[in-house]
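Q: Please give a close account of the aromatic rings, and then of the empty space that the chain encloses. How many aromatic pairs does a search of the whole structure find?

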Amino acid sequence: MIELERHRKELAGYCYRMLGSGFEAEDAVQETLTRAWKTFDPERGALRPWLYGIATNVCIDMLRSAQRRARAMDLGPAAEPGTPFGAPIAYERWVYPMPDQLMDPAELAVSRESVRLAFVAALQHLPPKQRAVLILRDVLAWSAAEVAGLLETSVPSVNSALQRARATMPATAEPRLEVDEDLLARYVDAFERFDVDTLVALTHEDAVESMPPFAWWLAGREAMHAVLVASGGEGCRGSKLVRAGATTFGQYLDGEAFAIVILETSGGLIRGTTTYLDPLLFPLYDLPMSFGGPDRK
């Protein structure tokens, strides 16, 4: 079992890209390892590709009756300031994040862009087998022959599926994800003080902001400024942000788990903010549901 466990984190990254949900990826990995524990035969060949084969089948089974997961920006136009949030949309419709600590750090070091929300959402446009081919070939750099063996098909079929997948993938046209520690520190300080002018100054003019499970989202610095001013700090004042990943924070409101905030940065500014209003994500990030004692440390 130890031999199987050492593949857990890389399988988690693969299943996350396939499924678009950290919760479901964890379930898929556990099912993969359980099946492998029961059925592995060393005479079948190398362990790693065999595990990926099981994981692919598990993910495809999970996707058979699932709706395509998406971001708010995929569901409709940007909201005007003052527009109500509307009714929440079911969890199953959203691309959900995957914590860094559950994935392979070596893989993240070279391909962090492949687990950003925009890329994972774009993958959801592909049929499951094309999705698997594109991830294995373009993200994990498997050869066409290796993918053909894993999927029990031919190299021409793999190449054809890859070509179709590349043609179908929506163009995200987003810059390389940066981890700007100085920018993040200034953002946290401004957020916790509810300094609207500084928060807005730290964002790109064309930045976007969304708040799953609501389809409501904002486009542009001016809209964000208007909403922040109108809110009077509701949902922000009394907050503490706790680092939970490279550009991810747990937001505690009055000491209680409130939201997971994921930032996308480039050029010294924030390009996107996704605030998951779902405290159930906190255990996935190993964050407590309440933040500390009287001084909240």
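A: Eleven aromatic pairs are found when the whole structure is searched; rings of Phe, Tyr and Trp (its six-membered ring) count as a pair if their centres lie within 6.5 Å, and the pair is stacked when the planes are under 30 degrees apart, edge-to-face when they are over 60, and tilted otherwise. One of them joins F23 and Y96, a tilted pair with 6.2 Å from centre to centre and 45° between the planes. This pair links distant parts of the chain, 73 residues apart: F23 belongs to helix α3 (residues 22–39), while Y96 is in the loop between α4 (47–63) and α5 (105–111). Helices (H or I, at least four residues) and strands (E, at least two) are DSSP runs, numbered from the N terminus.

The model is predicted: local features need pLDDT of at least 70, side-chain atom pairs count only at pLDDT 80 or more, and totals for chains, interfaces and linings use all residues. Residues are numbered from 1 along each chain as its sequence is written, and side-chain values use heavy atoms, with hydrogens and water left out.

The two partners also have computed accessibilities. With a relative accessible area of 26%, F23 is partly exposed, whereas Y96 is buried at 4%; buried means under 20% relative accessible area, exposed over 50%, and partly exposed in between (1.4 Å probe, protein chains only). Another pair is formed by Y252 and F291, which is tilted because the ring centres are 5.1 Å apart and the planes are at 40°. Since Y252 lies in strand β4 (residues 248–253) and F291 in the segment after β6 (269–276), this pair ties together parts that are 39 residues apart in sequence. Y252 is buried, at 1% relative accessible area, and F291 is buried as well, at 14%.

F23 and Y96 appear again in an aromatic cluster, together with Y91 and Y276. One member of this cluster, Y91, has a charged neighbour: R69 lies over the face of the Y91 ring, 4.5 Å from the ring centre. A charge sits over a ring if NZ of Lys or CZ of Arg is within 6 Å of the ring centre and within 35 degrees of the ring normal.

Y276 leads on to the empty space. Rolling a probe the size of a water molecule over the atoms shows where such space is left. On a 1 Å grid over the protein atoms alone, a cavity is a set of points where a 1.4 Å probe fits but cannot get out, and a pocket is an open set with protein on both sides within 12 Å along at least five of seven lines; lining residues have an atom within 4 Å of a point. Grid points are joined across faces, edges and corners, and a volume is the space filled by probe spheres set on the points.

Two cavities of 30 Å³ or more are counted. The second largest has a volume of about 30 Å³, and its lining consists of A70, R71, A72, W94, V95, S210, P212, T274 and Y276. By class, this lining has six nonpolar, two polar and one charged residues; Ala, Val, Leu, Ile, Met, Phe, Trp, Tyr, Cys and Pro count as nonpolar, Asp, Glu, Lys and Arg as charged, and the others, Gly among them, as polar. P212, one of the lining residues, is joined to P213 by a cis peptide bond with omega of about 20°. P213 is in the loop between β1 and β2 (217–219).

The largest cavity has a volume of about 230 Å³. It is lined by 19 residues, of which D100, V115, R116, T248 and I262 are the closest to its centre. Strand β5 (residues 256–266) gives the largest share of this lining, three residues. The classes in the lining are twelve nonpolar, three polar and four charged residues.

The largest pocket holds about 690 Å³ of space. Among its 28 lining residues, E209, M211, L228, E234 and C236 are the closest to its centre. Two or more residues each come from α10 (181–193), α11 (196–201), β1 (203–210), α12 (221–231), β5 and β6. The largest share, six residues, belongs to α12. By class, the pocket lining has 18 nonpolar, eight polar and two charged residues.
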